[in-house]
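Here are some exercises to work through with the structure open beside you. Try each task before reading its solution.

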Amino acid sequence: MGILEGKKGLILGLANNKSIAWGVAQSCHREGAELGFNFLGEQLEKRVRPLAEKVNSTLIESMDVGDDAEMDAFFAKVEAKWGKMDFMIHSIAFANKDALRNPFSQCTREDFQLAMDISAYSFVACAQRAAKIMNDGGSMVTMTYLGAERVIPGYGMMGVAKAALEASTRYLADDLGKSRGIRVNAVSSGPIRTLAASAVGDFRELMAKSARGSMLGRNVSQDEVGNTTAYLASDLASGVSCEVHYVDAGFHVGAGDPGE
Ligand code: NAD
């Protein structure tokens, strides 16, 4: 029997088969969960729908997390279909490329607000709606990166947004944990080549450095992030909340790169 048998969960942020959300979806499906998905716009729907159907999903609806009305409509559809749900995975981020690559001191108000809105506030906005239809003792997980706490060249504004996302995780964990027993955690993945990652400056070099500097001497896969996320969504992690859980082959502890 899978660790998510009998549970229903949302996976938000699937774009294509390279997405971290796809690694999570496959793990959660294998562990027995019934899954629901959102997609952003018709272009992505063409990619998301066939993938979601591969993991037997029948709940595949549009939602732009920058739009409150769309969010309300999406969660209303989830409630109409499922009634209650057990977990939610938030795997969404967006920033203008310039805000990652230009000197951070030049970040515009618009770029700052957009990155914070889609990459940090959207987790709060999803959590407040999901909590209303989540069984007590449920689980929420978001995706973060080491750039939240260390200066990573080429990550710029997204590092600031991830710092806000990690702090939001802790405050949500306190709020929803005390009131409802809902656990809220973040997974900090090492670099993985995805659509979103293509916005990061010099990503090839970042991947090479991460592999050389990690304890395992390699990068991680979307499946490894998926498996850890499935565990956090499950009752096996019933005592784990308010945590940033690294899936980065140990890089964050700083084995360092002797070649640097
Ligand atoms: P991805 O491009 O596959 O996923 C990003 C998703 O965000 C896409 O599905 C996109 O449609 C969605 N999105 C963007 N704006 C949205 C909006 N307004 N409304 C709804 N959805 C929106 O890339 P990914 O790398 O799988 O990213 C998933 C998460 O993992 C992100 O939070 C990212 O920062 C994080 N992360 C990625 C890496 C990496 O190296 N790839 C490392 C650590 C953390």
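A polar contact is a pair of N or O atoms within 3.5 Å. Keep in mind that this is a predicted model.

**Exercise 1. The ligand**

Task: Find which polar backbone atoms lie 2.8 Å from an oxygen atom of the ligand, starting with the one in Ile-20.

Solution:
- Step 1. Begin with the surroundings: there are 29 residues around the ligand, and Ser-19, Ile-20, Lys-162, Ile-192 and Thr-194 come nearest.
- Step 2. Go to Ile-20, where a polar backbone atom is 2.8 Å from a ligand oxygen.
- Step 3. Now look at Gly-13: one of its polar backbone atoms also sits 2.8 Å from an oxygen atom of the ligand.
- Step 4. To round this off, check Ala-196, whose polar backbone atom is 3.0 Å from a ligand oxygen.

**Exercise 2. The largest pocket**

Task: Work out how many residues line the largest pocket and which of them lie nearest its centre.

Solution:
- Step 1. Take the volume, which is about 1,100 Å³ for the largest pocket.
- Step 2. Count the lining: 42 residues, with Ser-91, Ile-92, Ala-93, Phe-94 and Ala-196 nearest the centre.
- Step 3. Sort that lining by class, and you get 29 nonpolar, 10 polar and 3 charged residues.
- Step 4. Trace the elements involved. Those that supply at least two lining residues each include the helices α1 (20-30), α5 (109-132) and α6 (156-180), along with the strands β2 (34-39) and β5 (134-144).

**Exercise 3. A histidine in a strand**

Task: Is His-90 buried or exposed, and which side chain does its own side chain join in a polar contact of 2.8 Å?

Solution:
- Step 1. Locate His-90 in strand β4, which covers residues 85-90.
- Step 2. Read the accessibility: His-90 is at 0%, so it counts as buried; the cut-off for buried is under 20%.
- Step 3. Follow the side chain of His-90 to that of Ser-122, its partner in the 2.8 Å polar contact. The His-90 side chain also reaches the backbone nitrogen of Phe-123, at 3.5 Å.
- Step 4. Widen the view. Beyond the neighbours within four places in sequence, His-90 has contacts that include Leu-12, Ser-119, Cys-126, Val-141 and Met-143.

**Exercise 4. The cavity**

Task: Determine what volume the largest cavity has and which residues line it.

Solution:
- Step 1. Count the cavities of 30 Å³ or more: there is 1.
- Step 2. Note the volume of the largest cavity, about 60 Å³.
- Step 3. Pick out its lining, which has Tyr-145, Ser-188, Pro-191, Tyr-246 and Asp-248 among its members.
- Step 4. Classify the lining of this cavity: 5 residues are nonpolar, 4 polar and 1 charged.

**Exercise 5. Positive phi angles**

Task: Compare where Cys-242 and Ala-249 are placed, and decide for each how accessible it is.

Solution:
- Step 1. Check the backbone of Cys-242: its phi is positive, about 65°, although it is not a glycine.
- Step 2. Place Cys-242 in the loop between α8 (222-233) and β7 (244-247).
- Step 3. Cys-242 counts as partly exposed because its relative accessibility is 37%.
- Step 4. Turn to Ala-249, also not a glycine, with a positive phi of about 60°. Ala-249 belongs to the segment after β7.
- Step 5. Ala-249 has 11% relative accessibility and therefore counts as buried.

Conventions
Residues are numbered from 1 along each chain as its sequence is written. This is a predicted model: local features need pLDDT of at least 70, side-chain atom pairs count only at pLDDT 80 or more; totals for chains, interfaces and linings use all residues. Side-chain values use heavy atoms; hydrogens and water are left out. On a 1 Å grid over the protein atoms alone, a cavity is a set of points where a 1.4 Å probe fits but cannot get out, and a pocket is an open set with protein on both sides within 12 Å along at least five of seven lines; lining residues have an atom within 4 Å of a point. Grid points are joined across faces, edges and corners, and a volume is the space filled by probe spheres set on the points. Ala, Val, Leu, Ile, Met, Phe, Trp, Tyr, Cys and Pro count as nonpolar, Asp, Glu, Lys and Arg as charged, and the others, Gly among them, as polar. Helices (H or I, at least four residues) and strands (E, at least two) are DSSP runs, numbered from the N terminus. Buried means under 20% relative accessible area, exposed over 50%, partly exposed in between (1.4 Å probe, protein chains only). A polar contact is a pair of N or O atoms within 3.5 Å; within protein, one must be able to donate a hydrogen and the other to accept it, and residues adjacent in sequence count only if both atoms are side-chain atoms. Contact means heavy atoms within 4.5 Å. A residue is near a molecule or strand if one of its heavy atoms lies within 4 Å of it.
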